[in-house]
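Q: Can you walk me through this one, and show how each label follows from its definition?

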Amino acid sequence: MDLLKKKIREEGVVLSDSVLKVDSFLNHGVDPQLMDAIGEEFAGRYGDESITKVLTIESSGIAPGLMAALKLGVPMIFARKRQSLTQSEGLITSKVYSFTKKEENTISVSGKYIHEGDRVLIIDDFLANGQAAWGLIDLAEKAGAEVAGVGIVIEKSFQDGGGNLRQKGYRVDSLAEIESLEAGRIKFKEDKAA
Ligand code: 5GP
């Protein structure tokens with residue numbers, strides 16, 4: 001997705017060989033026009049997949065997840081990283097190790113909002129080692145829903161999350177794939193021929 005890649009090139013900050021900061025448009029500040037285009041792109045790719053829900057995780061998955069849900073005409077639900085006092089009945093949980101925060105979180109969704117019969121599109125901001133995506137897949141499957149695919153805004157292809165998911169037969173759609181962040185340079189994977 002050219003608009004996204006342009007934004008990453010112009011505003012992305014390489015923090016190390018494995019971490020990219022995109023606080024200006026995705027992880028802190030949020031660019032509504034870009035999110036609109038991202039939602040459109042995911043909806044285009046999954047429009048024929050009979051999606052009934054978009055499932056994401058707070059907080060940075062919410063903006064792209066919401067726009068994808070809006071364009072697909074379905075509700076969005078976000079997994080919580082901390083249990084809220086008002087959220088206790090029918091809770092489905094999974095454990096996720098956070099790549100950026102280096103801590104384990106128990107993530108949860110209410111079985112009220114996702115259940116058997118749902119066909120789910122999972123959305124997240126980044127794909128690194130795949131922990132967040134596997135946690136969301138686990139939640140959806142524990143709820144009895146079917147996972148149609150995983151939509152990622154930025155995949156770091158040099159980490160093994162995407163490869164593992166595809167190997168296990170999950171469809172993964174990433175809008176920008178980064179091959180390397182070495183020497184402070186953002187190198188994108190060559191675009192696949194259309
Ligand atoms: P994974 O669970 O695939 O190892 O990591 C994905 C999660 O970690 C994403 O939800 C994202 O919040 C965070 N993350 C992983 N790598 C990066 C990165 O390079 N930059 C930022 N901003 N977040 C990342």
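A: Sure. This is a predicted model. A good place to begin is serine 59, which lies in the loop between strand 3 (53–57) and helix 4 (62–72).

Q: What makes the peptide bond from glutamate 58 to serine 59 worth a look?
A: That bond is cis, with omega near -5°. Most peptide bonds are trans.

Q: Which loop holds serine 50, and what is its phi?
A: Serine 50 lies in the loop between helix 3 (32–46) and strand 3. Its phi is positive, about 50°, and serine 50 is not a glycine. For residues other than glycine, most phi values are negative.

Q: What makes the pair between the ligand and aspartate 124 a polar contact?
A: An oxygen atom of the ligand is 2.8 Å from an N or O atom in the side chain of aspartate 124. The cut-off for such a pair is 3.5 Å, so this counts as a polar contact.

Q: Which backbone atoms pair with a ligand oxygen?
A: A polar backbone atom of glycine 130 is 2.6 Å from an oxygen atom of the ligand. For alanine 132, a polar backbone atom is 2.8 Å from a ligand oxygen. Both pairs are within 3.5 Å, so they pass as polar contacts too.

Q: How much of the ligand does the protein bury?
A: On its own the ligand exposes 500 Å², and the protein buries 89% of that.

Q: Which residues come nearest to the ligand?
A: Out of 16 residues around the ligand, the nearest are Leu20, Ala128, Asn129, Gly130 and Lys156.

Q: What does the shell around the ligand consist of, by class and by element?
A: By class, the shell has seven nonpolar, six polar and three charged residues. Strand 7 (119–127) and helix 5 (131–142) each supply at least two of the shell residues. Strand 7 gives the most, with four.

Q: How do you know where the ligand sits?
A: To sit in a pocket, a molecule needs more than half of its atoms within 2 Å of the pocket's grid points. The ligand sits in the largest pocket, so it meets that test.

Q: What is the largest pocket like inside?
A: About 850 Å³ of space lies in it. Of the 34 residues that line the pocket, Lys81, Ser98, Thr100, Lys101 and Asp125 are the closest to its centre. By class, the lining has 14 nonpolar, 10 polar and 10 charged residues.

Q: Which element gives the largest share of that lining?
A: Strand 7 does, with four residues. Among the elements that supply at least two lining residues are strand 5 (91–97), strand 6 (104–110) and helix 5.

How values were computed
Residues numbered from 1 in each chain as written. Predicted model: local features only at pLDDT ≥ 70, side-chain atom pairs only at ≥ 80, totals over all residues. Heavy atoms only, no water. Near = heavy atom within 4 Å. Polar contact = N/O pair within 3.5 Å; in protein donor to acceptor, adjacent residues only side chain to side chain. Areas by Shrake-Rupley, 256 points an atom, 1.4 Å probe, with all protein chains shown as cover. 1 Å grid on protein atoms, 1.4 Å probe; cavity = no way out; pocket = protein on both sides within 12 Å on 5 of 7 lines; lining within 4 Å. Nonpolar A, V, L, I, M, F, W, Y, C, P; charged D, E, K, R; others polar. Points joined across faces, edges and corners; volume = space filled by probe spheres on them.
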